Amino acid sequence: MSLGFELTLEQTQKLALTPELIQSIKILQLNSAELESFVEEQIMVNPVLEREPETKDDTQGVPSGYARERKQGVPFETNDINRITLSEHLMFQLQFIKCGKKCSAAARFIIESLDDNGYMTLNPDEIAKATDVSVQTVRAALEIVRDMDPAGVGAFDISDCLILQLKAAGTYSEDKGRIIHEFLNEVALNRLGQISRATGLQTGEIQNIVDEIRSLDPKPGRAFASSDETRYIVPDVYLEKENGEYRVLLSENSGPKISINSYYTDLMNDCMNDEQLKVYLSEKIKAATWLIKSIEQRKKTIYNIASAIVRYQQDFFEYGEKYLKPLVLRQIAEETDVHESTVSRTINGKYIYTPKGVFELKYFFTSGVAGNGGEGVSSNSVKMQIREIIEAENPSRPLSDQKISDMLNSKGVEISRRTVAKYREEMGIFSSQQRKRY
């Protein structure tokens, strides 16, 4: 074998993404808020770009082939109905409580150190050292916090939290305290007979105690907004029903209205003697033109894919979640004549406002199980049927996963016991043993 150097020619095929194409792909996968920020950045760095003035006619400038844009209303908040954080809620209460400066300072420190669930993250000794006060003062401050609303905040663990809530409601008893401290795992597994034998209480009495324990909130702080972030939903698409037919409308936020300032196009035509300026303006105008085309293409793509989804899932919009059909990217890609990756980028982070509520477009893409006539049944539809069956069962004789599987199979839904268990757990529904009432 000889080693050496040589020159050879060969033909190869490869896909090269231009900067413009990369930008177009990026714009497609941005949601409305991200696109708005991106456009603002581009206006800052490209002087030829400007926002178009708003017009009274919201149909002006909308390309043919898709419906008029719908005026954007108030954005929808996704996370917390209550936008006040737990810390803010407790600090508000603290200002009306009379205590010494050191006690008040310790209480503020305790409130600020609580986790998002309302639990203590430090012990009294650590707080005393950090605030330079006595442990007795810290304990007094802690009792003030633990008396605040919501009941259960300032607890050291889940047992402490539940007992605080019972005491706040005035229903605490030694039997309830013992069950919480010693048999909380048995309560979770619904092993009431085991608790009865250990405590000597009647099963019916234990059932009432367990029902009350389950009505308590083990994480009282989660009802408040997170201090980390607040995310908002701005729908890109609206669905309206008129004269029995559904119409897909684009939100005005689906594509910011921008244009090229005519001053710079005139300037480029007049600066024939300044080659450097001409090249600069030409590049900026080219970039602005591509950005405008990319935003317009994004709108068309979102509209086409949303319309295809609505046509396919029309039974869902008419009758509810039980009628949601299985859907995969390939089906919409074939109908809209785009690649599956384009569908994936389009549905991710884009929302549609419908008479049934606000949904992310990817919500309508679900797996399923076999049904009658060879048609599939979506996993969400099956989950709804499982929930309805469980809600209608006899609480003293709850249905097993196998029985639920048999009932669904008799209705033409081919599903195994293991899949029933999987869907039940995803919905947060207990097993038959844990659902049993005595």
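1. Two strands count as a pair if DSSP finds at least two bridges between them. With that in hand, have a look at strand β8 (residues 351-354) and strand β9 (residues 357-360), which pair in the antiparallel sense over four bridges. Four bridges clears the bar of at least two. What joins β8 to β9? A hairpin does, by way of two residues. At this end of the pair you can pick out T354, which stands opposite G357 in β9. Please bear in mind throughout that this is a predicted model.

2. Now the overall picture. The protein chain holds 20 helices and 11 strands. It has 438 residues, and 39% of them count as buried. The chain exposes about 25600 Å², with carbon and sulfur atoms supplying 49% of that area. Take the contacts between residues at least 6 apart in sequence: 65% of them join residues at least 24 apart.

3. On to charges. Side chains of opposite charge can pair when their charged atoms come close. How many salt bridges does the model have? The count comes to 17. A handful are worth a visit, and the next points go through them.

4. Start with R178 and E182, which form a salt bridge with their closest N and O atoms 3.3 Å apart. Both residues sit in helix α8 (residues 174-182), four residues apart, or about one turn of the helix. That spacing fits a simple rule: an α-helix has 3.6 residues a turn, so residues three or four places apart point the same way. Are these two residues buried or exposed? Neither label fits: R178 is partly exposed at 33% relative accessibility, and E182 is partly exposed too, with a relative accessible area of 48%.

5. R311 and E335 make another salt bridge, and here the closest N and O atoms are 2.9 Å apart. R311 belongs to helix α13 (residues 275-312) and E335 to helix α15 (residues 329-336), so this pair ties together parts that are 24 residues apart in sequence. E335 counts as partly exposed, at 42% relative accessibility.

6. Back to strand β9 (residues 357-360) for a moment. The side chain of E360 meets that of K362 in a salt bridge, 4.0 Å from N to O. K362 is partly exposed at 40% relative accessibility, whereas E360 counts as buried at 16%. Elsewhere, E36, E40 and R51 are joined into one network by salt bridges that share partners.

7. How many disulfides should you expect to find? The count is zero. C99 is in no disulfide, and its nearest cysteine sulfur, that of C103, is 3.9 Å away. The view from C103 matches: no disulfide, with the sulfur of C99 3.9 Å away as the nearest one. The cut-off for a disulfide is 2.5 Å between the sulfur atoms, so this pair does not qualify at 3.9 Å. C99 is partly exposed at 29% relative accessibility, while C103 is buried at 11%.

8. C103 leads us into helix α4 (residues 101-113). This helix has 13 residues and reaches 18 Å from its first C-alpha to its last, close to the 18 Å expected at 1.5 Å a residue. Which of its residues are buried? They are C103, S104, A106, A107, I110, I111 and S113. What covers them includes α3 (86-94), α5 (124-131) and α6 (135-146).

9. In the loop between α3 and α4 you will find I97. At 31% relative accessibility, I97 counts as partly exposed. Setting aside neighbours within four places in sequence, I97 is in contact with I144 and M148. I97 and I144 are 47 residues apart in sequence, yet their C-alpha atoms are 8.4 Å apart in space.

10. One last stop is Q434, in helix α20 (residues 432-435). Is Q434 buried or exposed? With a relative accessible area of 17%, Q434 is buried, because buried means under 20%. Not counting residues up to four places away in sequence, Q434 touches A188, L189, N190 and R214.

Terms used
Residues are numbered from 1 along each chain as its sequence is written. This is a predicted model: local features need pLDDT of at least 70, side-chain atom pairs count only at pLDDT 80 or more; totals for chains, interfaces and linings use all residues. Side-chain values use heavy atoms; hydrogens and water are left out. Buried means under 20% relative accessible area, exposed over 50%, partly exposed in between (1.4 Å probe, protein chains only). Contact means heavy atoms within 4.5 Å. Accessible areas come from the Shrake-Rupley method with a 1.4 Å probe; for residues, only the protein chains shown count as cover. The expected span of a helix is 1.5 Å times one less than its number of residues.
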